Amino acid sequence: MDPIRDTLQRLRETFRAGRTQPAEFRAAQLEGLGRFLRDHKQLLQEALAQDLHKSAVELEVSEISIVQTEINLALRNLRAWMRDEQVRRNLATQLDSAFIRKEPFGLVLIVAPWNYPVNLTLLPLVGALAAGNCVVLKPSEISKSTEKVLAEVLPRYLDQSCFATVLGGPGETGQLLEHRFDYIFFTGSPRVGKIVMAAAAKHLTPVTLELGGKNPCYVDDNCDPQTVANRVAFFRYFNAGQTCVAPDYVLCSPKMQERLLPALQSAITRFYGEDPRSSPDLGRIINEKHFQRLQGLLGCGRVAIGGQSDESDRYIAPTVLVDVQETEPVMQEEIFGPILPIVNVRSLDEAIDFIKRREKPLALYAFSNSNQVVEQVLARTSSGGFCGNDGFMHMTLPSLPFGGVGASGMGSYHGKFSFDTFSHHRACLLRRPGLEKICSIRYPPYSPRNLRLLLLAMETRSCSCTLL
Ligand code: NAD
């Protein structure tokens, strides 16, 4: 007996029977998800405090309300999103109906990471359910307490014939990936992203890969250092730095570094007090393995701010490193913790060269009072997302697609982009059975005259002429 096979079989039968297709069914699942969040906020808060020492405010902003907003958006727009999208026709198809139909893929697998274990598990689920799919959810085994709530409580709020949770780590996920899915949505590291994509390739399953990397943060000399420091520190140390879109390192001139350091120290003290360890607002490192990894990174360059740690509490102080070499581990791997290296560059050109020599990041930040400088960084680089003069605010807008490019991932979601990601866009043309005489110009025997007419008829023009 293979429990995974049985579960997938059950979900496939539900999908084949068309149960998930009607808008009413989809809306009922989304409403169930919303109720789960409302009814069990306290439970989720306790779980996230255990897993990550997440503060109530960070929980509300980055885990609960963001999912609730997307649920509400999907509920408000579901019927409009599901509607066929009429498209422009050429002369040959003027009397026909041409449209894109958004169809659910079928059986979808969502694999999630541990750093925002509610947000990054449920946000893709909103899109998958809205688009009418059956879903297997694989939460992260590392954020154990949240995984338990998602496994034990969430299923009570969703239709069991179209939804299942599978638990486990790399071994179990590997087994799951041997099965065939119609779509795989993975959020996690580039290393595991490659494993997922290789497994998907065996079944020709399409994937979205939401990966990580190092997000550069360029700070121009023409800036108010305190404003920059407040914003960079807030987004770097949010969730103890365990954020895929956090500014990973600062690029600035030695002159700006001198002005930034006291400003960063001031921001850290204002945010977390003289002893950040006792602040209720600073998170903890998820587990021993990541703590040890980060402890190793503290040895790179020179500690200018912070640097303290306590293994028993998995605490690492908000830290700034200077005199960091490009070849050191802290500049080679994604930091994913409360450590901010500053790398010196002599000019904007040098900063842009530095960024372009590396993999395309998930997010890129540029701070300057000059719009021209921000525009230049934007125009001369590439990244999944970009924000001028702030941290990851761009990803709070459901009107913007969220995703990576190159090594930071492929595909995107949030808002309507989620619905579209989980829908197959089917190209449809409904022709009339009549008018065969006009159609006959296509058939052999071919002639130059008919070819001319055919080419004219197949051209798509912006005017909606109705000659045929
Ligand atoms: P991870 O890649 O280790 O794990 C992600 C998921 O994959 C987990 O559910 C895990 O059980 C599963 N997994 C782990 N090893 C596996 C294997 N060998 N085979 C199959 N499945 C396996 O990532 P993580 O440590 O949970 O999260 C941190 C990473 O995720 C960082 O790189 C971060 O940047 C990235 N991330 C990206 C986004 C984004 O939206 N782009 C968001 C959050 C985190």
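## A tour from a proline loop to the ligand

Begin by selecting P445, which sits in the loop between helix 15 (436-439) and helix 16 (448-458). Display the backbone here, keeping in mind that this is a predicted model, and inspect the peptide bond from P444 to P445, which is cis, with omega near 0°. For context, most peptide bonds are trans, and most residues other than glycine have a negative phi.

The second part of that rule leads to R314, in the loop between strand 11 (309-310) and strand 12 (315-316). Although R314 is not a glycine, its phi is positive, at about 50°.

Next, select the open sheet, whose 6 strands follow the order 5-4-3-6-7-17 with mixed pairing. At the edges stand strand 5 (163-165) and strand 17 (409-410), each with a single partner strand, so one side of each is left without a neighbour in the sheet. Zoom in on strand 5 and strand 4 (residues 134-138), which run parallel and are joined by 3 bridges; to find a bridge within this pairing, pick V136, whose partner in strand 5 is A164.

Now turn to the aromatic side chains, which form 14 aromatic pairs in the structure. One of them to display is F235 with F392, an edge-to-face pair with 4.6 Å from centre to centre and 70° between the planes. Because F235 belongs to helix 9 (residues 225-237) while F392 lies in the loop between strand 16 (385-388) and strand 17, the pair ties together parts that are 157 residues apart in sequence.

Finally, select the ligand and its shell of 25 residues, of which the closest are A112, E141, S189, L211 and E334. Three contacts deserve a distance label. An oxygen atom of the ligand lies 2.7 Å from a polar backbone atom of A112, whereas the side chains of the two glutamates are involved in the others: an N or O atom of E141 is 2.6 Å from an oxygen atom of the ligand, and for E334 the corresponding distance is 2.5 Å. Taken alone, the ligand exposes 840 Å², and the protein buries 92% of that.

Colouring the shell by class shows 14 nonpolar, 7 polar and 4 charged residues, while colouring by secondary structure picks out helix 7 (170-178), strand 6 (183-187) and helix 8 (190-202), each of which supplies at least two shell residues. As a last view, colour by domain: both domain 1 (3-211 + 412-424) and domain 2 (216-403) give residues to the shell, so the ligand lies between them.

Conventions
Residues numbered from 1 in each chain as written. Predicted model: local features only at pLDDT ≥ 70, side-chain atom pairs only at ≥ 80, totals over all residues. Heavy atoms only, no water. Near = heavy atom within 4 Å. Polar contact = N/O pair within 3.5 Å; in protein donor to acceptor, adjacent residues only side chain to side chain. Areas by Shrake-Rupley, 256 points an atom, 1.4 Å probe, with all protein chains shown as cover. Helix = DSSP H or I, 4+ residues; strand = E, 2+ residues; numbered from the N terminus. Nonpolar A, V, L, I, M, F, W, Y, C, P; charged D, E, K, R; others polar. Domains from an automatic or database assignment. Pairing = 2+ DSSP bridges. Phe/Tyr/Trp six-rings, centres within 6.5 Å; stacked < 30°, edge-to-face > 60°.
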